[in-house]
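Subject: A structure for you to look at

Hi there,

Here is the structure I promised to pass on to you. Please open it and turn it around a little before you read my notes.

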Amino acid sequence: MPGGPGAPGPGDPGGPGGEPPSDKGASGLLRSGAIMAVGTLASRVTGFLRTAMLVAALGTGAVADAYNTANTVPFIVYDLLLGGILTAVVVPLIVRARERDSAYGAQYEQRLFTLAVLGLSVITAIAVLLGPVFISIYGGKMEGDQRDLAVLFARLFAVQIFFLGVSAFSGAILNTRKRFAAPMWAPVLNNIVICCTAAAFLLVSTGKVTPESISSGQITLLAAGTIGGMALQTLALWPSLRSSGFRWRPRLDFRKGELGQMGRMAIWTLAYVMITQIGFAVTTRLANAAGVEGRQEGIGDVGYTPYFNAYQLFQLPYAIIGVSVITALLPRMSEHAAAGRMGEVRDDFSNGLRLCSAVILPAAALMGVFASEITTVLFAHGNTSESDALVIANVLRAFAVALVPFAAYQLMLRVFYSMQDTRTPTFISVAVVATNITASITMYSLLPTDKIIVGIASGFAVAQTAGAIVGWVILRRRLGGMDGRRVFTAYVKLAVAIWPLIGFAYATHAIIDATLGLGLLSGLIALAVGSAGGGVLYLFFAKLLRVGEVQSMISMVAGRLPGRG
């Protein structure tokens, strides 16, 4: 609270009467984020290749809905029982344990890792048994052969929970040791395995596969590739763990108070994740129901798979820059918060938000303008038609609106976590999820079947905006301000710089669509010309307006060109 312990004072950076906060933090953050962004870019590029291959192999219909819904279950269970704890609890606790004593910190890591392995084994076994329950929750109106296929996939894919958890825990340990590269690159191996699996599926399949016609061999191929990819991703982290000095020796000799401290923090994190998963369950169920109704009405595949694929595309800019910046920020903010330097926590947040926005805002604009070209180039192949790809494009445009508030909201959550506050994000999530559920149910009730998933994506955008606003108001009181003047100034400059990009991109889209129509070649030309030309205009006007974050990125890239220092 302002004026309380840790509030910025006259001598703190950015505190009342102090010197203005320096941009050195942004430069250092940019360098740390750039290292991870390269790995994340490789991961996401191969990830989209994986998604495109799966869409080509499975289409966007009943089999794809069954596969994608079932393959979402391991991530849901992991998030419910461990994922949030890793981000909100484990990283800050390990950082604090190391600051207390390096030997104690190493033992603490061993105890946490052992507890995670044992817990994941039990959770995985239970999840395998509960496959039918998960499909009843998330499958909407799935029935007959499609439901049976989804249940079988859910039980098989549940094995991934163990590997997913071990991989994430290993990545968290590496991040606390400032080893960011391996966790960003390991998913590339997983994506390559899935790409090979989808290619093999196309080779052994004849025509479009349905839940009634899919063979046991095809099911085995999909399951083996999906599970094997996650297992390989986990194993790939062990060389980096060993080189960082981590040696796992199973131990459960927790000291007095350690489990209690973790439990007090974890209970609010679990509540937060459960609340958000309630919202996800509602939207997934409604999207799957829309897909079943769309096939019954003969209007095509307008269910969960188009929504899922659009969401994967929507996350790309955030994953490349947002996740990289957040991963670099969390240990730093945790250290500053532990020392009571709330002025530096505020500066960390401000630097991270402005840096993310300088990349994410133009990406959202390009995504909105070129949604049709993006989805046609990526997905209109194999068992997926051009009209199926355009369904994904409509959803993507709605998601593009959510990109900036989504990134800001995620960054605000990490500020709370760095202060070991997992309770406040839980209360904020109630407002976010309530907004999301209300909007989704309203859209499902009012819109025609072919527009339902677009409406659900729009509801997601409204909910993320609400979360960002509420988070900002609360953090402003906790941190004694949010560096609002610099953030507002940066956004005004970015908003001005973005319009030449939008104008050029839209003109390119309109001219190529009128002359060449929509297709693979014309889509590639539009994306190349529009993104390059619009990007140059954006950088020019951002530099002209002296947007510091863009200038830092230009200087960093220029400094790494041959012949430059």
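Below is what I found, going from the whole chain to single residues.

Please keep in mind that this is a predicted model.

**The whole chain**

The protein chain contains 20 helices and zero strands, so please don't spend time looking for a sheet. Its length is 565 residues, and 56% of them count as buried. The accessible surface adds up to about 22500 Å², with 66% of that belonging to carbon and sulfur atoms. I also looked at contacts between residues at least 6 apart in sequence: 83% of these join residues at least 24 apart.**A pair of helices**

Now find helix α12, which covers residues 342–369, and helix α18, which covers residues 484–516. How far apart are the axes of α12 and α18, and at what angle do the two helices pack? The axes are 9 Å apart, and the angle is about 20°. Angles under 35 degrees count as roughly parallel, which means that α12 is roughly parallel to α18. Their crossing is right-handed.

Many side chains are worth clicking on here. On the α12 side, the residues that meet α18 include Leu353, Ala358, Leu361, Pro362 and Val369. On the α18 side, those that meet α12 include Val487, Tyr491, Leu494, Ile498 and His509. Sorted by class, this contact between α12 and α18 has 17 nonpolar, four polar and two charged residues.

**The loop before α18**

Next, step back along the chain to the loop between α17 (452–478) and α18, where you will find Gly481. Is Gly481 buried or exposed? Its relative accessible area is 16%, and buried means under 20%, so Gly481 counts as buried. Leaving out residues up to four places away in sequence, Gly481 touches Arg346, Leu475 and Arg476. Gly481 and Arg346 are 135 residues apart along the chain, yet their C-alpha atoms are separated by 7.6 Å.

The loop between α17 and α18 also holds Asp483. Asp483 is not a glycine, but it has a positive phi of about 55°. With a relative accessibility of 15%, Asp483 counts as buried. Try drawing a line from Asp483 to Gly343: these two are 140 residues apart along the chain, and their C-alpha atoms are separated by 9.6 Å.

**Another positive phi**

Which loop holds Arg546? Look between α19 (520–544) and α20 (548–559). Arg546 is a residue other than glycine with a positive phi, near 60°. Its relative accessibility is 65%, and Arg546 counts as exposed, whereas Asp483 counts as buried.

**One more residue to visit**

Finally, go to Thr283 in helix α10, which spans residues 258–297. Thr283 is buried, with a relative accessible area of 3%. Setting aside its neighbours within four places in sequence, what does Thr283 contact? The answer is Asn436, Ser440 and Ile456.

Happy exploring, and write back with any questions!

Best wishes

Note on methods
Residues are numbered from 1 along each chain as its sequence is written. This is a predicted model: local features need pLDDT of at least 70, side-chain atom pairs count only at pLDDT 80 or more; totals for chains, interfaces and linings use all residues. Side-chain values use heavy atoms; hydrogens and water are left out. Axes are lines fitted to C-alpha atoms, for helices over the stretch in contact, and angles run from 0 to 180 degrees between N-to-C directions. Helices (H or I, at least four residues) and strands (E, at least two) are DSSP runs, numbered from the N terminus. Angles under 35 degrees count as roughly parallel, over 145 as roughly antiparallel, 65 to 115 as roughly perpendicular and the rest as oblique. A crossing is left-handed if the near helix is turned anticlockwise from the far one by less than a right angle, and right-handed if clockwise. Contact means heavy atoms within 4.5 Å. Ala, Val, Leu, Ile, Met, Phe, Trp, Tyr, Cys and Pro count as nonpolar, Asp, Glu, Lys and Arg as charged, and the others, Gly among them, as polar. Buried means under 20% relative accessible area, exposed over 50%, partly exposed in between (1.4 Å probe, protein chains only). Accessible areas come from the Shrake-Rupley method with a 1.4 Å probe; for residues, only the protein chains shown count as cover.
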